Amino acid sequence: MSRFTGPGFRRASWIIIAALIIVSLGRAAFDDGPPRTTEEQVEAIASTLKCPICGSQSVADSDVAASRAIRVEIARLVEEGKTPSEVRAAIGASFGEQVQLIPPASGFAGLVWILPVVVLIIALGAVSAALARWRRTPLRAATEEDRAIVEQALHDR
Amino acid sequence: MTDLTTEPVEEESKPRSALVASVVIAVLVALLVLVLATRDSSNERSTQSPLLGKVAPTVAGTTIDGEEVSATDLRGRWVVVNFFASWCVPCLEEHPELLAFDAAHRAEGDAALVGVTFDDKTDDARAFFEEHGGTWPVIDDPDNRIGVAFGVAQVPETFVIAPDGTVVQRYAGGVTRAALDELITSYEAAAAP
């Protein structure tokens, strides 16, 4: 058996795939460090807040008066030394939590982060169980009698 | 002939486990939908505000006429804070209602009106009042800082602050004198011994 087709190689492949998925999800979930300039910080925070009057557009992408005003306030708070979460909380305290594009990680709304992961784990478990069951099922070779039936059927057509 | 049927016990357990898995996933997905569906819609121009029942943000600054004004000086009276812009048609439509409210309560001294500009130029706001009347103080807010503190999304918006300094009502859109009077009367009736 080739060293690239054996069970060890397959197991290693699955581990590499799982590691790649975890790293990708990790990079998507956590940003890679705070932005450097005030403008970058304002842009980053504004992109996580919803424009109060224009549907799902972010404050960063919107040019209505309310969004421009919020960007000015974000800049002021950033220059005061407030952290992004403190700035988001301050804006949420005035406009309501519905302006947050990122749901909070705690409370009932925090389930939107947990439930997809739980569903994914269950689905992966189900797929793994199904694959394992298929692998355990013995292959049945056709008997001479089966071959004779098939040949007879082909002959009778 | 070869018996190709599988074991009966296995046949029964497969659908059962599939059913359990389906139910579990369905419950989880239903929970997810519930969480998302119960979040407040941001598209509603409702009168909800996280400020209701809380101490009002600071309403202070320089008026369009260059005078310093602060709503805290009006503590003990009802304060109606009206956010407006000279370019805003609904603001123009509600203006006569504010004129009537101001005329009635200025004499009584029980309520005061304070205007705050929103996304407007000082000269334009001053010209608006010169043309359409109104002598209540109008704070010039070039950065919309007061508007953001009140969560103003779109003018006109009006907030009613009780004599103790708490926000009791938010009106998104044009307001009427009757609505303001009714609100104040209902609160005063509820507070009466």
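Start in chain A, where α3(A) passes α4(A) in a right-handed crossing (a crossing counts as right-handed if the near helix is turned clockwise from the far one by less than a right angle, and left-handed if anticlockwise). Helices here are DSSP runs of H or I with at least four residues, strands are E runs of at least two, and both are numbered from the N terminus. What you have open is a predicted model, in which local features need pLDDT of at least 70 and side-chain atom pairs count only at pLDDT 80 or more, while totals for chains, interfaces and linings use all residues. Residues are numbered from 1 along each chain as its sequence is written, chains are lettered from A and ligands numbered from 1 in the order in which they are written, and side-chain values use heavy atoms, with hydrogens and water left out.

**Chain A: the helices**

Select residues 65-79 for α3 and 84-95 for α4 in chain A; their axes come within 10 Å and cross at roughly 140°. Those axes are lines fitted to C-alpha atoms, for helices over the stretch in contact, and the angles run from 0 to 180 degrees between N-to-C directions. α3(A) and α4(A) are therefore oblique to each other (under 35 degrees counts as roughly parallel, over 145 as roughly antiparallel, 65 to 115 as roughly perpendicular, and the rest as oblique).

Now show side chains. From α3(A), pick A:Ile70, A:Glu73, A:Ile74, A:Leu77 and A:Val78; they meet A:Val87, A:Ala90, A:Ile91 and A:Phe95 of α4(A), where contact means heavy atoms within 4.5 Å. Sorted by class, this contact has eight nonpolar, no polar and one charged residues. For that sorting, Ala, Val, Leu, Ile, Met, Phe, Trp, Tyr, Cys and Pro are nonpolar, Asp, Glu, Lys and Arg are charged, and the others, Gly among them, are polar.

Keep α3(A) on screen and add α2, residues 38-46 of chain A: the two axes come within 9 Å and cross at roughly 125°. That makes α2(A) oblique to α3(A), and α2(A) passes α3(A) in a right-handed crossing. On the α2(A) side, look for A:Thr38, A:Gln41, A:Val42, A:Ile45 and A:Ala46; on the α3(A) side, for A:Arg71, A:Ile74, A:Ala75, A:Val78 and A:Glu79. The tally here is six nonpolar, two polar and two charged residues.

**Chain A: a disulfide**

Next, zoom in on A:Cys51 and A:Cys54, which form a disulfide with sulfur atoms 1.9 Å apart (the cut-off for a pair of cysteine sulfur atoms is within 2.5 Å). The link is right-handed, with 110° about the S-S bond. Searching the whole structure turns up two disulfides over all chains.

**Chain B: the sheet**

Over to chain B, where five strands run in the order β5-β4-β3-β6-β7 as an open sheet with mixed pairing; two strands pair if DSSP finds at least two bridges between them. Colour the edges, β5 (138-139) and β7 (167-172), each of which pairs on one side only. Then pick β3 (78-84) and β4 (111-117) of chain B, a parallel pair with seven bridges. Across that pair, B:Val81 stands opposite B:Val114.

Add α5 (177-191) of chain B, which packs on the sheet and touches β3, β4, β6 (157-161) and β7, with its direction at about 160° to that of β7(B).

Still in β7 of chain B, click on B:Gln169. Its contacts, leaving out residues up to four places away in sequence, are B:Thr47, B:Leu52, B:Thr158, B:Phe159, B:Val160 and B:Leu183. B:Gln169 and B:Leu51 are 118 residues apart in sequence, yet 8.8 Å apart in space, C-alpha to C-alpha.

**Chain B: helices and loops**

Bring up α2 (89-108) of chain B beside α5(B): the axes come within 8 Å and cross at roughly 45°. That makes α2(B) oblique to α5(B).

Finish in the loops. B:Pro156 sits between α4 (145-150) and β6 of chain B, and the peptide bond leading to it from B:Val155 is cis, with omega near 0°. B:Asp119, in the loop between β4 and α3 (122-132) of chain B, has a positive phi of about 55° although it is not a glycine.
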